[in-house]
Amino acid sequence: MIGRTATATGSTRRLVTFGAGALALVLGGSGCVSFYEIPIETPIQAKLDVSPFQRVHVVGFIAGGSDDVDANLETVRLLRSQLRTRSGLRVIEADVLPLAEIAQEMNAKEAAPADAAPEKPTTDKPTEKPGDKASTASAEAVDPAGHSSKVEGQAAGQGAAAQPAMVRVRDEKSLASYEPIFANVEYWKKLGEEFQQPLIVTGTVLFTPQSKSGMVSQTREQYDQLGRRVVVPTRVYMERKGYILRPKFIFIDGRTGTRIHSETFREERLYPSQQNVPALSSYFELMDDVIPRFLNVLSTQKVRGTRVLLK
Amino acid sequence: MARPRLAAAFVVMGLALAAVPAAADNRGNSKAQVDFGIKAAQRELWKEALYRWKRAVEIDPTYAAAYNDLAIAYEHNGQFDEARVAYEKALELEPNNVLIKQNYDLFREINDRANRNGDR
């Protein structure tokens, strides 16, 4: 229950539900009502008709935020493994694209339109690591929309178009400047042709550290004069830190290169400041909440729960 | 003057007494359908359960429990619009029933998720 603003209404509902359930047990125990708890599986229909596709290609993401997690690589790996086991589509295993660099390169080319035809998508290119670059110099560069972003491995004086740089996206504002790549129909069409026209999954992922301090509601166990255990709600001041995950999944038709659907999520986890939670653990915790909703875009998902039948 | 009033009162009483067994019959028949539906659902025979609960609300349209159970069967089938209507009817009949409220809240959580249509 710690700091999950995205599901605040859900949590409140669950609390009410818990209270109602407890009351029901009391009533049931005293023989006032007849009810039967029953497990149900509610099917939620897929949002996208994926019947024209046999294959899905999670190409890569424009990722940013924390340096502790490579959100592009981790998201691709996680989505591919989930799709492999929980969807009917065949998952294409290919190198993860450094999409931010490609987007930057594209934007730079558009800014200097004198040159030749657009470059072929770099799908067979292995993932570039910062260490692979010739120069490890660090510099503050300006992103395609004019926002300042840190660029590593780019020697001073080199054009962005000539040598794609390691891009550091820090916030949503700078992330937005790379988004025109998702509207580049030609690029995605070419990529689709290369992989036999699959459903392409791409988008943006922002994984940012967060810290908050303030009053937090908690429950505390106490024993009254008769020795009975009672749970007392209390409000305490707490300093908490954690992460916010903001993934935007974009689904592109590999036959036409057009965007067919997109979904944006926001999840937040805060922990007491003395609790040292690794960024990667928090990332997976947050993705745990996102994955069922992501999968629901492509396939019908069953939500397990219980309901109370009444007589 | 008093005689016609008395006669009228007797007529009203008579009608009321006649109506009570009829309503009780309806409730009894409907309850039998609900019971059978519950047994079917417990054996995962949801189609049969749905049929029984539909019959129950036809026989006694004032039976909140029957609407609640019907809503659950619709929910299980993924028929969210029908489930919502049935839950709302159940709550209209018994607005203070915490168990119906609990079911409805859980249903709404899933329904909200199903109705999110993406960014565009």
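## Two helices that cross

In chain A, helices α2 and α6 are oblique to each other, and therefore neither roughly parallel nor roughly perpendicular. Oblique covers what is left once angles under 35 degrees count as roughly parallel, over 145 as roughly antiparallel and 65 to 115 as roughly perpendicular. Helix α2 (residues 71-86) of chain A packs against helix α6 (residues 279-298) of chain A at about 45 degrees, with the axes 11 Å apart.

Where do α2(A) and α6(A) meet? A:E74, A:L78, A:L79, A:Q82 and A:R86 in α2(A) touch A:Y283, A:M287, A:I291, A:F294 and A:L295 in α6(A), a contact being C-beta atoms, placed from the backbone, within 7 Å. By class, seven of these residues are nonpolar, one is polar and two are charged.

## A hairpin of strands

Strand β8 (residues 229-253) of chain A runs antiparallel to strand β9 (residues 259-264) of chain A, joined by five bridges; pairing takes at least two bridges found by DSSP. In this hairpin, five residues lie between the strands, and A:G257 in the turn has a positive phi of about 80 degrees.

## How sure is the model?

This is a predicted model, in which local features need pLDDT of at least 70 and side-chain atom pairs 80 or more, while totals for chains, interfaces and linings use all residues. Residues are numbered from 1 along each chain as its sequence is written, and chains are lettered from A and ligands numbered from 1 in the order written.

Chain A has a mean pLDDT (the predictor's confidence in each residue, from 0 to 100) of 77, with 72% of residues at 70 or more. Over residues 25-31 of chain A, pLDDT is below 50.

Definitions and conventions. Axes fitted to C-alpha atoms, helices over the stretch in contact; angles between N-to-C directions. Helix = DSSP H or I, 4+ residues; strand = E, 2+ residues; numbered from the N terminus. Contact = placed C-beta atoms within 7 Å. Nonpolar A, V, L, I, M, F, W, Y, C, P; charged D, E, K, R; others polar.
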